[in-house]
Amino acid sequence: CSACSNGLEKYLNKQEGVEAQVNLVMATASINYDATKVGIKDLERFITEAGFESLGENLNLKTHHKKIYSLIFFALLAIFLMYLSMGEMVGLKVPTFISLRHHPYCYLSLVIGISLLAIIWGFDIIKNGLKNLLHFMPNMDSLIGLGVIVNFFYSLYNAISCNWDKLYFDSVLMIILFVKIGRFIDSKNKAKAVDAIKNLVTLTPEEATILKDGHELKVKLNEIKKGDIVVCKPGGKIAVDGKITKGQTHTDESFITGEAKPIKKQKGDLTLAGSLNYDGYIEYEALNIGKDSSISHIVDLVVEATNTKAPIARIADRISSYFVPFIFLIALFSFILNWSFFHNWALSIEALVTVLVVACPCALGLATPLAMVVAIGKASKMGLVVKSSEVIENLNKIDTIIFDKTGTLTQGKLTLVEQKIIPELKPAEALKILQALEAKSNHPLAQSICRGVKDFFPVTNFKELSGKGVKAQLNKQTYYAGNYKYLTSFKLTNPFAKEEKAFSLKGESIIYLWNEKQVLAIFGLRDEIKPTIKATLRNLEALNKKIVMLTGDNQNTAKIIAEELGIRDVYSDIYPAIKAEIVQKLNKENNVMMVGDGLNDSPALKTAAIGVSVKSGADISNDAADVIMMSSDMNRLTDFFQIGKKTTKIITENLIWALFYNVLMVPLATGLLPLKLNPMVASMAMVLSSLTVVLNSLRIKK
């Protein structure tokens, strides 16, 4: 329960040189430690001292289930024990040699033996609970363990005192059995909750084939070195991030993008570790290996997101930290009050045990983090890498979405449609100079200009000015390429003013080329609107989201695109730094989500309440956004808001149920109300409580 994870986290953070975060749902601890003060063995010792078992270093998302056979065996024993203790009461015939009425000592030997067997089976719960009590970090196991021990020794005392109508040995087995069954079902359902994350971990193959001296050689994944040539045949999986050196194929990258559409790959294209090779033989050079691969970065980000706690989770954790000590007090008062009113040891002990067993911090502690893990896993499956649980909670507060135009509303792959060049310069030469300048830039516009070109004029002293353009030296002369605003800072005569107006009226993006003396050329590029974006914007408006467009394009070009998409709020001629100022201004009035390509939009993405960057799976490690969208389908945003809405609703339901359950059951367990509970019914109710929260959280997957 959250008392367990909080207790372990506090205990680890008490140690010198240790900073830890414990993830309740994933059953992992992320630990930063000072290697000069502690080592791995010390960390494992601290975990053991706190009452837990370390499964070793590095991320391990495999679930560890106890065998079901022990559950079946002890369930059969429980039925037999119930038959022994209550059979005669309901008219069943019990053999005389084990009947309490006829042969009490045979009966007692049998039930005490079965109870001791149950205690040995549940010793992990009892030991963990008592250890945490000694460390002043009581948890769920402390409640159950103490309840079982008190129940057993009170029954043993009555057996020795020949007070045989007050024996509760069957409750000892029943409490442990129901807790074990509950945890078995819990672990299976929690495993379903982290399915999407586990699938990411197991995407890459364990082995690969590399070329060594012209021969194919099978190697383990960790034996591949940067620069090795790796072979992938049809139906195989790409082992590491790389660059194709031979062959062509179609690959499935749906594990990253959420889209099952095959992507054509040929010589020079990048491959992503974990993607499926459909139909071609390829050889590729290994670039990013192991922890540096795209899939490793995604796994790290997704797991890190599940480690973070949303504000609502912190509130639940605070309640949980006081919950267990509070239950101990209630159990103690129940015992005292029952003894004061009824002078009955049996009733007093039963009330004490029932309160300890019925209380359920599990439901309260799991209410938020489990729902968040399911939501983050679901989002990652759809191509949305979420960096923090807080993002999911904040989604419902967003009322304004700001879109950068290029690469988000449009394809980001511009096509050169027309140009005008001074008579002294040949058109082909002007284009070659422009491509040489843009070749070193990562901007979508630059990539579009250079697409398909292999040989460039050599340039030196390259410099990119964010939101303006580029400059470089070619044949000892400095050339510039960029937008109109950049050009005006040079105070040169613009011979292409008419062309600029004409290009703009057609909705084209404009690039000028010039040197220190004169303007050389103007180029008009057109970017196609994404085919699904109009439907996406209408869907978002149906969710009461205000749509705003930001662009570095001039007013005419921006107006044409905005009118086509039905966007009323438009900011044009905007530099990246000014984008951040606009986002900041709108964020004060509203809760803003900024959607951009993540290249020159970083300041704006950081400024927004939620920043979403749209990019390829090959480049996510240094992203500034809160969410990375690997899919080209912008309608994923609509799905994302639906995930946020559903998650918040389910967390609210979970918390209401957990609080209602405890508020209702704990008073009944005290034995001071007309309606009473016994320890067996209490343990069943406790299991159902946490199970309700787990199953309710899994609804997010649908």
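Which residue in strand 23 stands opposite Gly596? In this predicted model, the residue of strand 23 that stands opposite Gly596 is Ser613, and the views below set this pair in its surroundings.

**View 1. Strand 22 and its pairing with strand 23.** Strand 22, which spans residues 592–596, pairs with strand 23, made up of residues 610–614, in the parallel sense and over four bridges. Within this pairing, Gly596 of strand 22 lies opposite Ser613. In general, the strands of a sheet are held in register with one another through backbone hydrogen bonds, either parallel or antiparallel.

**View 2. Strand 22 and its pairing with strand 13.** Strand 13, covering residues 400–404, is joined to strand 22 by four bridges, and the two strands run parallel. At Ile402, the bridge partner found in strand 22 is Met594.

**View 3. The two faces of strand 22.** Strand 22 is mostly covered, with five of its five residues buried. On one side these buried residues are Val592, Met594 and Gly596, while Met593 and Val595 are the buried residues on the other, and both faces of the strand are therefore covered, given that buried means under 20% relative accessible area. Two of the residues on the side of Val592 also appear in the views above: Met594 as the bridge partner of Ile402, and Gly596 as the residue opposite Ser613.

**View 4. An open antiparallel sheet of six strands.** Six strands, in the order 4-3-5-11-6-9, form an open sheet in which the pairing is antiparallel. Its edges are strand 4 (215–220) and strand 9 (270–271), each of which pairs on one side only.

**View 5. Strands 5 and 11 within the open sheet.** Strand 5, residues 229–232, and strand 11, residues 282–288, pair over four bridges in the antiparallel sense. Cys232 has Ile282 as its bridge partner in strand 11.

**View 6. The whole chain, for orientation.** The secondary structure of the chain comes to 26 helices and 24 strands, and its C-alpha atoms fill a box of roughly 120 × 65 × 50 Å along the principal axes. The radius of gyration is 33 Å, whereas a compact globule of 702 residues would have a value near 27 Å. Of the 702 residues, 51% count as buried, and among contacts between residues at least 6 apart in sequence, 67% join residues at least 24 apart. The accessible surface comes to about 33100 Å², of which 58% belongs to carbon and sulfur atoms, and the mean positions of the 79 positive and 67 negative charges are 2 Å apart.

Definitions and conventions
Residues are numbered from 1 along each chain as its sequence is written. This is a predicted model: local features need pLDDT of at least 70, side-chain atom pairs count only at pLDDT 80 or more; totals for chains, interfaces and linings use all residues. Side-chain values use heavy atoms; hydrogens and water are left out. The radius of gyration is taken over C-alpha atoms; the globule rule is 2.2 Å times the number of residues to the power 0.38. Buried means under 20% relative accessible area, exposed over 50%, partly exposed in between (1.4 Å probe, protein chains only). Contact means heavy atoms within 4.5 Å. Accessible areas come from the Shrake-Rupley method with a 1.4 Å probe; for residues, only the protein chains shown count as cover. Lys and Arg count as positive and Asp and Glu as negative; His and the chain ends are not counted. The place of a charge is taken as NZ of Lys, CZ of Arg, CG of Asp or CD of Glu. Two strands pair if DSSP finds at least two bridges between them.
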